[in-house]
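Work through the following exercises with the sequence and the model at hand. Attempt each task before reading its solution.

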Amino acid sequence: MSSLDICQLYVAACGMIDDASPSAAALFGAPPGTLQGQLLLDRVDAPSREQLRGLWRRWSQAPVKPAGSCEHTLTALRSDGSRLPCLGTFRLAGDGEAGRFVLRLQPLAERPLLGGAQLPESLHDPLTGLPNRRGARELIEAALQMGVRAAESVSVVCIDLDNFRSINEGYGHDVAEEVLRCVGARLRQRALGLGRVCRTAGDEFLVIRRGSTSEEEMRRLLPQLMRWIQEPIEVGDETLIVTASVGVATHDCAAGSFDALMQRAGYAMSRAKRLGRNTWYFASRDPIPCLQHQALKTRLYRALEQGRLALHYQPIVDLRTGEVRAFEALMRWHDEQLGEVSPARFIPVAEESGLMGALGAWSLEQACRQSASWLARHGTTRPIAVNVSAVQLQRGEFEEDLLRILRECSVQPGMLELEVTESALIHDSAHLAALSLRLRELGVGVAIDDFGTGYSNLLYLKHFHPAKIKIDRSFVHTMASTAEDRAIVRAVIDLAHAIGARVVAEGVESGEVVRMLGELGCDEAQGYHYARPCAAQGLSAWLERESSSAALPPMP
Ligand code: C2E
Ligand code: CA
Ligand code: CA
């Protein structure tokens, strides 16, 4: 055997060890030269024997002899009775002797440590021999501590195998374990240059990298890592290919902690999953959206409790007469720290966190109070259109709340309109159709908002009998320049009229669009061309004018 320091065996087609390097003999705990003549199958444990038999079968049946190598984990039976898990790399011997192969062995237990400290056995995962989650914590904390002095950073690469559950369910536990062992061994052996490899959970591995690593450098290293994982894994008679989703997070040692790094790397990994798997994602240094979500929820809750939300109103103008037909109420939230938060950002948070019911009831009540107050002050008012979220409509209390609010504020039902988006209608259309009918009988108009952006299912129109359809501003905005958008706007106007509904064009920003909408027979328009949404006080001038006036007063 030529390269004596390499731990390898030559094995004949019959399974007999022909030759073994001294380090291979040492690995088996056998005196040099004593492995020769023994059967390899006798020197490995039962699961490894199965592996080897499968490999032999495949190789002997293969029409063309495989040129490359393949890897299996094997457990060597040592002369003193102990067992040593190893990564075995097999290839056919190049000397032309049929079926003779070379097996290179690398013990999985040897592990040079980050920072030199040895991890106790209890911090290792028995399956792969890699540090477990607790081990990873020790390593990361040690790396962070050491890096503080050196003003370094630590990167964590979180590797989660894709669809691992289907391997578990489809091939069984043993095969799944072998896949994990093999991926662990590959990473451990090859990703050494990248960092220290751990297995932190079922199918989740981690590479801990010390020192400042640029994103550039990671972009160079990660494709290689992903290719290693993707190499076929042979287990018994099966050949499996696994891919992984990878998330990377980097922290300056002074600012980092194990939890922060893991949270960011885990978040980046789940982004990679959402991007379609088998890809990677770098966690930015921005706050994690789910943390933002939680913080936003808490602040929103307080804002609602402490009366720091407001409604602004945007006029909706009759295109034939130029008078203000109604106002749309739009929620506004000014947070001390975050500044102006858009409803497009906080409404979804309210919807997901159970706050929408309270928030929606608040805006209904606020709008009704405003209507009553205008009537008292100016002797006139306009219908107010309030946006209603799908989550609100699904709550049993919605109708009850609405009736109570109308009653308490002494507002005529005809002075209230509800704007419901198309997507809200998908959820429980039978319930909502019945509700819409009752509202109509009561005199509360229902408008379908953002029409054209959802499924635009014509059945909704049939079932909901909306009083209004609001054409989404994405069509209106571009109708002056795009013939297709003009055609869509025209079609929606004709459709709405055919079912007896009025049409409102949203997002009208120019006189040219107003003219076009007029020609197409659109009934109402709303947008910056007329006015931006503003606080209630700013609208008094509009309300005081007699409705006969076609000209709009300038905005305050
Ligand atoms: P929306 O119902 O489609 O409301 C119209 C949005 O378009 C408003 O944005 C308004 O400020 C904006 N807008 C009006 N005219 C123009 C224009 O000419 N050009 C452009 N580019 N934009 C215009 P805002 O106030 O940011 O509200 C965003 C969305 O948040 C609303 O879209 C609505 O879906 C939701 N929202 C607002 N207030 C409430 C509320 O009280 N309850 C519920 N459930 N949703 C609300
Ligand atoms: Ca709306
Ligand atoms: Ca809209």
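**Exercise 1: a mixed sheet**

An open sheet has five strands in the order 7-8-6-11-12, and their pairing is mixed. The model is predicted: local features need pLDDT of at least 70, side-chain atom pairs count only at pLDDT 80 or more, and totals for chains, interfaces and linings use all residues. Residues are numbered from 1 along each chain as its sequence is written, chains are lettered from A and ligands numbered from 1 in the order in which they are written, and side-chain values use heavy atoms, with hydrogens and water left out.

Task: state which strands are the edge strands, and describe the packing of helix 5 and helix 7 on the sheet.

Solution.

1. Strands (E, at least two residues) and helices (H or I, at least four) are DSSP runs, numbered from the N terminus. Two strands pair if DSSP finds at least two bridges between them.
2. Strand 7 (196-201) and strand 12 (280-282) each pair on one side only, which makes them the edge strands.
3. From one strand to the next, the twist averages 20 degrees.
4. Inside the sheet, strand 6 (residues 153-161) and strand 8 (residues 204-210) run antiparallel and are joined by seven bridges. Cysteine 158 stands opposite leucine 206 in strand 8.
5. Helix 5 (residues 173-190) touches strand 6, strand 7 and strand 8 (contact: heavy atoms within 4.5 Å). The direction of helix 5 makes about 10 degrees with that of strand 8; axes are lines fitted to C-alpha atoms, for helices over the stretch in contact, and angles run from 0 to 180 degrees between N-to-C directions.
6. Helix 7 (residues 258-274) also packs on the sheet, touching strand 6, strand 7, strand 8, strand 11 (244-252) and strand 12. Its direction makes about 145 degrees with that of strand 11.

**Exercise 2: a calcium site**

Task: identify the protein donors of the calcium ion (ligand 3).

Solution.

1. Donors are N, O and S atoms within 2.8 Å of the metal (3.2 Å for Na, K and Ca); water is not among the atoms, so sites may look incomplete.
2. The protein donors are Asp449 (OD), Asp450 (OD), Glu506 (OE) and Glu506 (OE), lying 2.0 to 2.7 Å from the ion. Along the chain, their spacing is D-D-x55-E.
3. Aspartate 449 bridges this ion and the calcium ion (ligand 2), the two ions lying 3.8 Å apart.
4. Aspartate 449 is buried, with a relative accessible area of 4%, whereas aspartate 450 is partly exposed, at 22%. Buried means under 20% relative accessible area, exposed over 50%, and partly exposed in between (1.4 Å probe, protein chains only).
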